[in-house]
Amino acid sequence: MSNVVSYSREGEIGLITIANPPVNASSQAVRQGLLDALAQGVADSGAKALVILGDGRTFIAGADIKEFGKTPLDPPLGEVINQIETAPKTTIAAIHGTALGGGLEVALGCRFRVAVRSAKVGLPEVLLGILPGAGGTQRLPRVAGVDNALEMITTGRHVPAPEAFELGILDELSQETDVKAAGLAFANRVIAEGLASKPVRDRDEKLTQARADRSVFAEIRAKLEKSARGLFSPFRCVDAVEAALDAPDFVAGLKRERELFQECMDSPQRAGLIHSFFGEREVAKIPGIPKDLKGRTVAAAGVIGAGTMGGGIAMCFANAGIPVTVVETSQDALDRGLGKIRANYEISARRGRFTDAQVDERMGRITGSLDLADLKGADMIIEAVFESMEVKREVFGKLHAIAKPGAILASNTSYLNVDEIAATTGRPQDVLGMHFFSPANVMKLLEVVRGAQTSDETLRTALDIGKKLGKIGVVSGVCDGFIGNRMLKIYKTQMDYLLEDGALPWEVDAAMTAFGFPMGPYAVGDLAGLDIGYMNRRREDATRDPSERYVAIADTLYDRGRLGQKTGSGWYRYEDGNRKPIPDPEVEAIILAASEEKGITRRPIDADEILTRALCALVNEGARILEEGIAFRPVDIDMVWQFGYGFPRYEGGPMFWADRRGLDRVVADIERFAAKDPNSWSVAPLLKKLAAEGSTFKAWSAAQ
Ligand code: 3HC
Ligand code: NAI
């Protein structure tokens with residue numbers, strides 16, 4: 001008997017208990033253990049029914065994702081489930097926590113399913129680039145109906161137990177809170193009342209209904225064309241469910257599911273999505289910080305500045321149930337800021353995301369003020385005033401006298417030196433950067449910028465609060481622009497060079513969206529407003545190396561009042577009330593004139609060159625960031641780009657992309673670019689070294 005699955009008996013009930021922390025993933029040992037325990041239960045003449053349940057916090061949260069991409073080990077999960085389903089004794093899944101993926105598939109192999117009310121079930125395989133491969137696409141439609149199964153399988157949604165009961169996935173919603181008690185109570189009832197139920201594989205009624213009207217398949221495929229653009233597995237999920245209707249029998253349906261599952265397993269998207277799944281969790285692990293270190297309690301927050309970012313940050317706190325005081329310099333600015341917050345909430349309410357009462361409740365957690373002294377009760381204060389060192393130093397200088405001892409003092413600066421800001425406070429150990437992304441209440445990334453003197457406790461508190469606000473926190477060291485904006489700048493500079501050399505903004509944007517970014521850099525520029533970049537360039541004028549190639553196209557746009565969407569034109573033009581970017585001959589003329597002025601003969605630049613230059617620029621700067629220790633690991637860079645800049649999740653991130661392409665190829669590309677433009681391209685030493693060794697960023701990181 002394996003040590004992760006045990007068999008025991010209580011009265012007439014045999015208990016098969018899985019104990020494979022943290023989430024009871026169905027690893028090889030669990031699969032073998034289930035088979036062994038099932039055999040033992042079947043052979044136990046005192047057991048009239050068998051309950052399968054999870055020890056610890058959950059039922060089975062799915063297949064062991066760490067086994068993916070390796071040689072499959074026997075027994076396959078599908079075989080384990082077939083044995084459960086055809087066992088000569090009644091089997092009951094007793095569910096708490098989550099029954100996800102292979103976990104729900106195991107439960108669907110049982111004759112009955114009972115769950116505690118707090119449980120959730122789902123088939124989230126699609127989020128990992130695969131599909132339910134142990135019968136889920138064949139069994140779920142048989143219990144929940146084809147339309148519900150399609151919705152669950154293509155979204156990967158975790159369905160709360162009460163809803164799962166309504167959908168027919170669960171046979172019983174237990175009043176017990178303890179899962180063992182729930183399982184035993186239901187199993188005893190099954191025995192006492194002689195309850196019987198057909199194996200799911202033999203239930204055909206819901207499939208017959210669906211065969212009469214198959215329009216749901218066309219509808220979902222059309223929907224996925226929009227919502228799952230560029231993705232492979234959602235469409236295979238639909239094919240697999242359709243096979244449940246078309247296959248001559250259940251076994252043939254399983255076979256088709258298996259083939260489609262294998263296609264997904266072999267797709268590059270699967271590897272990218274699984275890298276992203278683990279990456280999201282990896283970035284929360286901070287090397288060098290004691291695991292048991294506790295962050296400080298943040299029961300009240302303060303935000304300084306109620307502009308674009310301050311307003312969004314205040315909403316994050318209010319949404320998480322933390323009262324927040326927002327300080328502005330004038331009543332006008334405060335009214336504008338608070339008005340914008342309310343308007344945002346009201347839009348959400350109109351879309352049905354909140355009730356009016358919830359809007360009032362959230363607004364009730366936000367208090368406006370014109371006096372910094374009102375922040376004296378805050379446990380964490382986030383500054384979001386203008387991007388000027390002078391203004392920030394003044395604000396932080398005052399905060400020292402106001403903030404209570406131990407309060408975290410954070411800046412939302414995009415570029416500025418956090419150490420310089422910290423130096424004005426007299427308590428640099430409590431100071432760090434908390435760089436939210438716009439719109440702050442929506443974007444998931446939080447760059448947590450650790451200053452030279454930031455204490456571990458301060459860092460821990462910022463990461464904990466980030467998690468509470470629903471963010472993915474990634475730690476960055478101090479440098480101009482931190483991880484994300486520093487790389488963005490290099491990438492955008494290269495794209496601007498391409499404009500002068502022969503490309504047009506819409507060609508660059510098309511190349512990047514074809515790769516999977518939701519928007520290209522020029523459409524994003526128009527959304528954010530071209531004045532931000534303009535101000536930043538003026539800030540840099542004094543220190544810019546005069547020999548550096550400077551592209552002035554964006555300055556011309558600014559001079560002509562083309563500030564982006566807000567003025568109806570920028571890199572594109574916009575029609576009234578519409579955010580759709582339209583290519584504009586005026587912009588083309590500006591660009592052509594810029595090339596001519598510099599004596600550049602424009603050349604055709606194809607999408608492949610645009611993409612390669614963009615990604616190589618990111619990777620090369622990413623390598624420097626790693627070498628300088630600004631990011632802990634390549635995966636931190638990948639997550640910054642995914643959650644802050646829309647890098648396609650299935651591509652994993654720039655560093656993962658580079659590993660997959662081969663670092664020698666990346667170096668060869670950069671050397672080719674550098675041959676023509678040695679001033680702006682030189683291979684980062686770490687990249688060069690790893691390529692020469694035939695290594696990868698991932699291997700380098702593992703060896704650190
Ligand atoms: N396999 C391996 N490890 C897993 C895992 C899995 N299926 N699910 C979670 N883990 C690991 C995490 O990596 C993490 O490890 P760490 O502590 O070393 O970082 C640990 O378990 C705890 O996970 P979380 O931090 O995510 O814990 P939460 O409590 O926040 O969430 C959860 C728990 C909801 C179960 C979440 O982990 C989750 O969504 N897991 C993935 C579920 C899933 O996708 N299942 C389908 C798998 S594919 C499948 O079943 C194929 C089948 O059809 C054949
Ligand atoms: P904004 O101009 O929209 O808002 C700044 C607000 O701060 C204004 O309302 C202003 O009245 C107020 N303010 C100025 N001095 C103040 C003071 N001494 N006390 C109280 N309030 C004061 O600017 P935005 O865009 O919100 O940027 C704020 C900070 O966030 C900047 O450091 C910026 O670099 C950073 N940031 C901006 C992002 C963006 O996309 N806009 C993204 C991420 C960070």
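**Which residues are the closest of those that surround ligand 2?** In this predicted model, ligand 2 is surrounded by 20 residues, and the closest are M309, E328, E387, K392 and S414. Keep those names handy for the first two views.

**Figure 1. Polar contacts around ligand 2.** Start at M309, where a backbone N or O atom sits 2.8 Å from an oxygen atom of ligand 2. Two glutamates join in through their side chains. An N or O atom in the side chain of E328 is 2.5 Å from an oxygen atom of ligand 2, and for E387 the distance from a side-chain N or O atom to an oxygen atom of the ligand is 2.5 Å. Taken on its own, ligand 2 has 830 Å² of accessible area, and the protein covers 79% of that.

**Figure 2. The shell around ligand 2 by element and class.** Three elements each supply at least two residues of this shell: α13 (308–319), α16 (389–402) and β15 (431–436). Sorted by class, the shell holds nine polar, eight nonpolar and three charged residues.

**Figure 3. Polar contacts around ligand 1.** Here 26 residues lie around the ligand, with R57, E105, E125, R281 and K285 coming nearest. G102 takes part through its backbone, with an N or O atom 2.8 Å from an oxygen atom of ligand 1. E105 uses its side chain instead: an N or O atom there is 2.8 Å from an oxygen atom of ligand 1. At G133, look to the backbone again, where a polar atom is 3.0 Å from an oxygen atom of the ligand. The protein covers 75% of the 990 Å² of accessible area that ligand 1 has on its own.

**Figure 4. The shell around ligand 1 by element and class.** β5 (98–100), α3 (102–109) and α12 (268–282) each provide at least two residues of the shell. Which of the elements gives the largest share? That is α12, with three residues. By class, 14 residues of the shell are nonpolar, seven are charged and five are polar.

**Figure 5. Cysteines without a disulfide.** How many disulfides does the structure hold? The count is zero. A disulfide is a covalent bond between the sulfur atoms of two cysteines. For C237, the closest cysteine sulfur belongs to C264 and is 6.4 Å away, so the pair is too far apart for a bond; the cut-off for a disulfide is 2.5 Å. C237 counts as buried because its relative accessibility is 0%. C316 is also classed as buried, because its relative accessibility of 4% falls under the 20% limit.

**Figure 6. F232 in its loop.** Look for F232 in the loop between α9 (215–227) and α10 (233–246). Is this residue buried or partly exposed? F232 counts as partly exposed, because its relative accessibility is 26%. Q269 is 37 residues from F232 along the chain, yet their C-alpha atoms are separated by 7.4 Å.

**Figure 7. Stepping back to the whole chain.** To place the close-ups in context, note that the chain has 30 helices and 17 strands. Its C-alpha atoms fill a box of roughly 85 × 60 × 55 Å along the principal axes. The radius of gyration is 28 Å, which agrees with the value near 27 Å for a compact globule of 704 residues. Buried residues account for 56% of the 704 residues.

Terms used
Residues are numbered from 1 along each chain as its sequence is written. Chains are lettered from A and ligands numbered from 1 in the order in which they are written. This is a predicted model: local features need pLDDT of at least 70, side-chain atom pairs count only at pLDDT 80 or more; totals for chains, interfaces and linings use all residues. Side-chain values use heavy atoms; hydrogens and water are left out. A residue is near a molecule or strand if one of its heavy atoms lies within 4 Å of it. A polar contact is a pair of N or O atoms within 3.5 Å; within protein, one must be able to donate a hydrogen and the other to accept it, and residues adjacent in sequence count only if both atoms are side-chain atoms. Accessible areas come from the Shrake-Rupley method with a 1.4 Å probe; for residues, only the protein chains shown count as cover. Helices (H or I, at least four residues) and strands (E, at least two) are DSSP runs, numbered from the N terminus. Ala, Val, Leu, Ile, Met, Phe, Trp, Tyr, Cys and Pro count as nonpolar, Asp, Glu, Lys and Arg as charged, and the others, Gly among them, as polar. Buried means under 20% relative accessible area, exposed over 50%, partly exposed in between (1.4 Å probe, protein chains only). The radius of gyration is taken over C-alpha atoms; the globule rule is 2.2 Å times the number of residues to the power 0.38.
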